[in-house]
Each structure stands twice: as structure tokens, then as C-alpha cells.
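Colleague: Could you take me through one part of this model in some detail? I'd like to look at the biggest pocket and at the helices around it.

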Amino acid sequence: MRALVVDHSDAGPIRFADVDEPVPSTGEALVEIRHIGLNFGELNYVHQWPAGAVHGHDAAGVVVRDASDGSGPPEGTRVAVGMAPHAWAERVAVSPASLGTVPEGVDLADAAALGIAGVTAFRVLRKRSLLARNVLVTGASGGVGHFAVQLAALAGARVTALVGSPERAAGLRELGADRVLTDLAETGDRFDLVLDTVGGPLVAQAWSSLAEGGTLHLVGYSSGQDTTFPSGALFGFGEPRSIATYGDMTPTSGELTELLGLMAAGRLSAPVGLRGDWQDVGDAVQALFARKVRGKVVLDVV
């Protein structure tokens with residue numbers, strides 16, 4: 001079968017290759033993949049995976065053989081695959097713990113956009129009550145950012161979305177952002193929670209805008225830049241502020257099910273900014289690296 005594998009050469013980060021068919025264990029289902037969802041992180045930091053390994057974590061498809069131990073969804077079930085290894089292939093063997101059943105009315109391509117981006121936003125934002133709280137989402141035009149803006153607004157937060165340029169602000173107010181900024185200096189507000197996907201100097205800026213008792217959650221570092229805090233910036237009076245890292249790779253089935261339920265109810269939309277054929281994955285990767293995509297890249301496996 002065909003799959004996208006890790007390529008450490010200058011032609012990388014991924015390439016097509018013929019690989020062996022997966023052999024499910026007793027606790028794994030065999031899923032025929034219809035769509036894959038690309039993420040900036042797994043492509044930009046591809047050196048963290050071995051060359052030749054089937055890459056990718058997010059996809060959607062149909063169960064063609066259910067797990068022989070009786071766990072998980074039955075054959076014929078439409079499923080979203082989230083944070084599962086080796087997902088960018090024509091068929092994958094995957095644990096039911098990484099599957100969410102896709103309800104009627106939800107497009108499989110939209111379900112493929114959930115995975116890492118949707119679950120990351122969901123897990124960070126549910127850590128505290130957001131009702132009437134001020135929430136800042138940096139890199140709000142990306143996949144995590146699009147989901148975070150919507151979920152924070154659904155939870156009753158006052159949402160400020162920060163983007164890198166006016167062109168990347170399109171559609172964020174419609175998703176629930178109360179304000180859309182291109183420079184954090186444009187506001188003097190204090191935020192109870194910051195979800196940061198950018199890293200670099202912006203982290204120090206966001207820290208200075210954090211309210212007493214607030215938390216700055218670091219979920220990405222797309223800028224690739226270092227963060228330097230001015231002398232004394234980490235000292236303060238009042239209720240303690242905190243910086244929290246994120247790297248939760250625990251099973252995603254529960255969160256996928258909740259997010260897919262919100263999509264089925266029309267309360268959450270998939271931020272698919274580029275849809276195409278997986279044969280054109282090279283062009284899609286370049287568009288993602290060039291920041292030409294707002295939201296997620298979803299490719300059809302044909």
C-alpha cells in the first residue's frame with residue numbers, strides 16, 4: 001500500500017513510499033483512510049521521527065475490520081483518528097482509544113481536521129472555568145487557534161484573537177472572537193488565560209499581560225525564536241501567575257467524541273483552510289510552511 005513516510009533528505013520532510021500492509025493486534029481496528037490532516041509541528045520537527053517511518057497522527061476513514069477482542073467500533077463505522085502514530089497511509093491499524101465515531105451530518109474531511117489541533121485546544125481550555133473570563137489566543141489563524149477561539153467563546157469567555165497580519169484575521173470574529181489584534185500592544189487588557197502557539201518574544205509580552213492568578217499555556221513554538229524575559233518580569237505581588245507547558249499524548253477518544261458531537265450540533269466548525277489531493281502533498285506542505293493557510297490542511301486519500 002502507499003503511505004507518506006518521513007524523509008530526512010533535502011527533498012523532505014515526507015515522501016510517498018510503498019509499505020507493508022498493517023497487521024492489527026487483537027486490540028486494534030483496521031481503518032481505511034479517506035482523509036489526512038496535516039499539522040505544522042509534525043512536519044517542521046520531522047527530525048524527531050526515524051527516516052522511512054509512516055508519518056502523521058490525524059486522519060479520518062472507515063473501519064474495515066473491527067478489533068478482534070471486541071473493543072472499539074464495529075466494521076463500517078466512520079471514525080476520526082486523533083494523535084495516533086502512522087496515520088498517513090491507505091490503511092492503518094489503530095487502537096480504539098485513538099478513535100472517535102463520526103456522527104451523521106459531519107463530513108469525514110472535517111473530522112480529519114480535529115486530532116492534535118482540536119484536542120489540544122479542548123484540553124487546555126477545560127482546565128478552568130472560562131465564564132466571563134478574558135482569554136487570549138495567539139496564532140489564532142492556525143489550526144489550534146481556530147478551535148480555541150470557538151471553544152473559548154462557547155464556554156462564555158471574552159476572546160481576544162492575536163494574528164500575525166490583517167490578512168490572517170479573516171473569519172475569526174464569526175467564530176466567536178470579540179476582538180482581533182495584530183499587535184498585543186494594541187490592548188491594555190489583562191488576561192485570565194493565554195493559549196500560546198507562537199513562542200518566542202511573544203511569550204514575554206503575553207506574560208506581562210497576564211492577570212493575577214492567570215495562566216499562560218505554551219502549546220507550540222511556531223516562531224522558532226527564543227524567549228527572553230526582562231529583569232524582574234517574573235517577580236510580582238498578588239495572586240501567583242503561572243506558565244504551563246503542554247505535551248499531553250494520552251488517548252484521545254473521549255475528547256474526539258465530544259468535539260464531533262459539537263460539530264454535529266452545529267456549534268463547532270472545522271477550520272479547513274486548504275483541501276486537496278494527497279498526491280499534491282508537497283504543495284500543501286510548502287503552503288503550510290509559508291503561512292499561506294488559515295486553519296488546517298486536509299488532503300483526500302485517493
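Modeller: Sure. Keep in mind that this is a predicted model. The largest pocket holds about 1,200 Å³ of space. Its lining counts 46 residues, and those closest to the centre are Phe40, Gly41, Thr197, Gly220 and Ser222. Sorted by class, that lining has 20 nonpolar, 19 polar and seven charged residues.

Now for the helices. Five of them, namely H1 (40–44), H3, H4, H6 (201–208) and H8 (281–289), each give at least two residues to the lining of the largest pocket.

Let's stay with H3 and H4, since they also pack against each other. H3 covers residues 115–125 and H4 covers residues 143–154; their axes sit 8 Å apart, at an angle of about 45 degrees. The two helices are therefore oblique to each other, and their crossing is right-handed. If you want to click through the contact, pick Ala117, Gly118, Thr120, Ala121, Phe122 and Leu125 on the H3 side. Their partners in H4 are Gly143, Val144, Phe147, Ala148, Leu151 and Ala152. By class, this contact of H3 with H4 has nine nonpolar and three polar residues, with no charged ones.

H3 has another neighbour to look at, helix H7 (residues 253–264). Here the axes are 10 Å apart and the packing angle is about 95 degrees, which makes H3 roughly perpendicular to H7. From H3, the contact uses Gly115, Gly118, Val119, Phe122 and Arg123; from H7, it uses Glu255, Leu256, Glu258 and Leu259. Its class count is four nonpolar, two polar and three charged residues. Gly118 and Phe122 are worth selecting in your viewer: both are listed in the contact of H3 with H4, and both turn up again in the contact of H3 with H7.

While you have the model open, have a look at two loops as well. In the loop between strand E1 (2–6) and strand E2 (14–18) you'll find Pro13. A cis peptide bond joins Gly12 to Pro13, with omega at about 15 degrees. The other spot is Met83, in the loop between strand E5 (78–81) and strand E6 (91–94). Met83 isn't a glycine, yet its phi is positive, at about 55 degrees.

How values were computed: Residues are numbered from 1 along each chain as its sequence is written. This is a predicted model: local features need pLDDT of at least 70, side-chain atom pairs count only at pLDDT 80 or more; totals for chains, interfaces and linings use all residues. Side-chain values use heavy atoms; hydrogens and water are left out. Axes are lines fitted to C-alpha atoms, for helices over the stretch in contact, and angles run from 0 to 180 degrees between N-to-C directions. Helices (H or I, at least four residues) and strands (E, at least two) are DSSP runs, numbered from the N terminus. Angles under 35 degrees count as roughly parallel, over 145 as roughly antiparallel, 65 to 115 as roughly perpendicular and the rest as oblique. A crossing is left-handed if the near helix is turned anticlockwise from the far one by less than a right angle, and right-handed if clockwise. Contact means heavy atoms within 4.5 Å. Ala, Val, Leu, Ile, Met, Phe, Trp, Tyr, Cys and Pro count as nonpolar, Asp, Glu, Lys and Arg as charged, and the others, Gly among them, as polar. On a 1 Å grid over the protein atoms alone, a cavity is a set of points where a 1.4 Å probe fits but cannot get out, and a pocket is an open set with protein on both sides within 12 Å along at least five of seven lines; lining residues have an atom within 4 Å of a point. Grid points are joined across faces, edges and corners, and a volume is the space filled by probe spheres set on the points.
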